Every structure is written in structure tokens, then in C-alpha cells.
Amino acid sequence: MTRRPGASAISASQRRMAAATVRWRGRWPTPRVDAVQLTYNITDRSAEQRLLPVAAERGLAVVINWPFRRGELFRRFARHPLPEWAAEIKCTNWAQFFLKFVISHPALTCAIPATSQVSHMKENMGALYGALPDTAMRARMVRYTEGL
Ligand SMILES: NC(=O)c1ccc[n+]([C@@H]2O[C@H](COP(=O)([O-])OP(=O)(O)OC[C@H]3O[C@@H](n4cnc5c(N)ncnc54)[C@H](OP(=O)(O)O)[C@@H]3O)[C@@H](O)[C@H]2O)c1
């Protein structure tokens with residue numbers, strides 16, 4: 001039992017249904033959903049199309065899983081240099097670049113990156129410091145990774 005119901009494990013194939021579920025909120029005396037957990041990262045931005053705008057409109061808490069795409073982002077990009085302009089948003093490593101991209105989306109409440117290594121946790125926590133990217137910087141980050 002819970003006072004604040006949420007929906008998680010939202011895969012791409014379930015997103016249309018999930019968006020509809022989120023929209024139901026407000027039509028019932030007790031809200032159907034107060035929080036959603038879904039996948040969002042710099043190479044999987046499909047949640048930007050429907051779920052994140054609807055969640056923002058409805059004031060839902062949004063928890064992001066797989067911010068590193070289960071580690072795939074490191075395997076794909078870590079051999080490339082971080083762009084010099086990443087320093088403008090205080091990113092000194094790829095982990096911070098990926099996390100700052102995710103958590104700067106205005107609809108988000110939090111992200112839940114996972115690691116088994118203390119050194120990685122310290123890197124990841126660095127994303128809590130310094131400026132977050134604005135809309136123009138977010139677009140620049142996407143263009144950079146798409147060009148690699
Ligand atoms: N509720 C749901 O339906 C649902 C669904 C999916 C996931 N989740 C949750 O979401 C969270 C994240 O999921 P996830 O672990 O699969 O994906 P993730 O956070 O996107 O990726 C974790 C991977 O990134 C690596 N990593 C983390 N920090 C790093 C760093 N600084 N440098 C290099 N590599 C780094 C980790 O390796 P190392 O261990 O070597 O650092 C691990 O292989 C988990 O808590 C999971 O339980 C929930």
C-alpha cells in the first residue's frame with residue numbers, strides 16, 4: 001500500500017501506454033500516479049517526445065534509470081576526448097558529461113546512476129557541482145556525441 005503511487009520499468013514499447021496512464025491523473029479523486037521512473041540518457045532521448053512533457057505538465061516526480069545506458073555510453077564514447085567546452089559546465093570526465101545532460105532536463109526530479117566502484121561514485125558525484133547545461137549547451141552536447 002502507498003499513499004504516493006508510481007510507475008516504473010517503462011520500456012520504449014510501453015511508453016505510449018505509460019503516457020496515457022500519466023494523463024489520467026487529475027481525472028480521479030485520488031491521483032493514479034505521482035511519480036514515474038523511466039530511461040533517459042544522451043543517446044536514448046525518446047522520453048522527450050511524450051513522457052517528460054506530460055510528467056512536467058502534471059507535476060509528477062520523475063526518476064531516471066540507466067543514465068549511462070547500462071555502461072554502454074562509456075564503452076562507446078570514453079575513448080574519445082571530452083570537448084574543451086565541457087569545462088564551461090564543470091565536467092572533467094565523461095560520467096559528469098552524461099549525468100549533467102540527464103539531470104538538466106527541466107522535467108526531472110533525480111537520476112539513479114549505478115556503480116560498483118568507489119572511484120566511479122566520486123566521479124559521478126562531481127556532477128552535483130557547477131552549472132548545469134542550458135538548452136543551447138544541451139543541444140551542443142547531443143551534436144558532439146552524435147558526431148563521434
Ligand atoms: N525500476 C526499474 O524498472 C529499473 C530499470 C532499470 C534500471 N533500474 C535501476 O537504475 C539504476 C541504474 O541502472 P544500471 O546500473 O543498469 O545502469 P547505469 O547506471 O546506466 O549504468 C551502470 C554502468 O555504468 C558504469 N559506470 C558507472 N559510473 C561510471 C563511471 N564514473 N565511469 C565508468 N563507468 C561507470 C558501471 O560500471 P562500474 O560498476 O564499473 O562503475 C555500470 O556498468 C539501478 O539502480 C537499477 O536498479 C531500475
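**Exercise 1. Is the crossing of helix 4 and helix 5 right-handed or left-handed, and which residues meet there?**

Solution. This is a predicted model, and the exercise concerns two of its helices. Begin with the axes: those of helix 4 and helix 5 (residues 118–125) come within 8 Å and cross at roughly 50°. An angle that is neither under 35 degrees nor between 65 and 115, nor over 145, counts as oblique, and therefore helix 4 is oblique to helix 5. The crossing itself is right-handed. Turning to the residues, Ala-95, Gln-96 and Leu-99 on the helix 4 side meet His-120, Glu-123 and Asn-124 on the side of helix 5.

**Exercise 2. Work out where the buried residues of helix 2 lie around its axis.**

Solution. First list them: in helix 2, which spans residues 51–58, Leu-51, Leu-52, Val-54 and Ala-55 are buried. Next look down the helix axis, where these buried residues fall within an arc of 165°, so they line one face of helix 2. Finally, inspect the end of the helix, where Gly-59 follows with a positive phi, near 70°.

**Exercise 3. Determine which elements supply the largest nonpolar core, and which of its residues touch the most other members.**

Solution. Start from the whole protein, which has six helices and four strands, arranged from the N terminus on as β-α-β-α-β-α-α-β-α-α. Buried residues account for 26% of its 148 residues. The largest nonpolar core holds 28 residues, and those touching the most other members are Leu-51, Ala-55, Val-62, Phe-97, Phe-98 and Val-102. At least two core residues come from each of strand 2 (35–39), helix 2, strand 3 (61–65) and helix 4 (94–103), and helix 4 gives the most, with seven residues. In soluble globular proteins, nonpolar side chains tend to be buried together.

**Exercise 4. Decide whether Ile-42 is buried or exposed, and trace its contacts beyond its sequence neighbours.**

Solution. Locate the residue first: Ile-42 sits in the loop between strand 2 and helix 2. Then apply the cut-off, which calls a residue buried at 20 or more C-beta neighbours within 10 Å; because Ile-42 has 22 such neighbours, Ile-42 counts as buried. Setting aside neighbours within four places in sequence, Ile-42 contacts Leu-73, Phe-98, Phe-101, Met-141, Val-142 and Thr-145. For one of these partners, Leu-73, which is 31 residues away along the chain, the C-alpha atoms are separated by 8.5 Å. Phe-98, with the same exclusion of sequence neighbours, is in contact with Asn-41, Ile-42, Pro-67, Phe-68 and Leu-73.

Methods: Residues numbered from 1 in each chain as written. Predicted model: local features only at pLDDT ≥ 70, side-chain atom pairs only at ≥ 80, totals over all residues. Buried ≥ 20, exposed ≤ 12 C-beta atoms within 10 Å, placed from the backbone. Arc of directions from axis to C-beta. Core = buried A, V, L, I, M, F, W, Y, C linked by C-beta atoms within 7 Å. Contact = placed C-beta atoms within 7 Å. Axes fitted to C-alpha atoms, helices over the stretch in contact; angles between N-to-C directions. Left-handed = near helix turned anticlockwise from the far one by under 90°.
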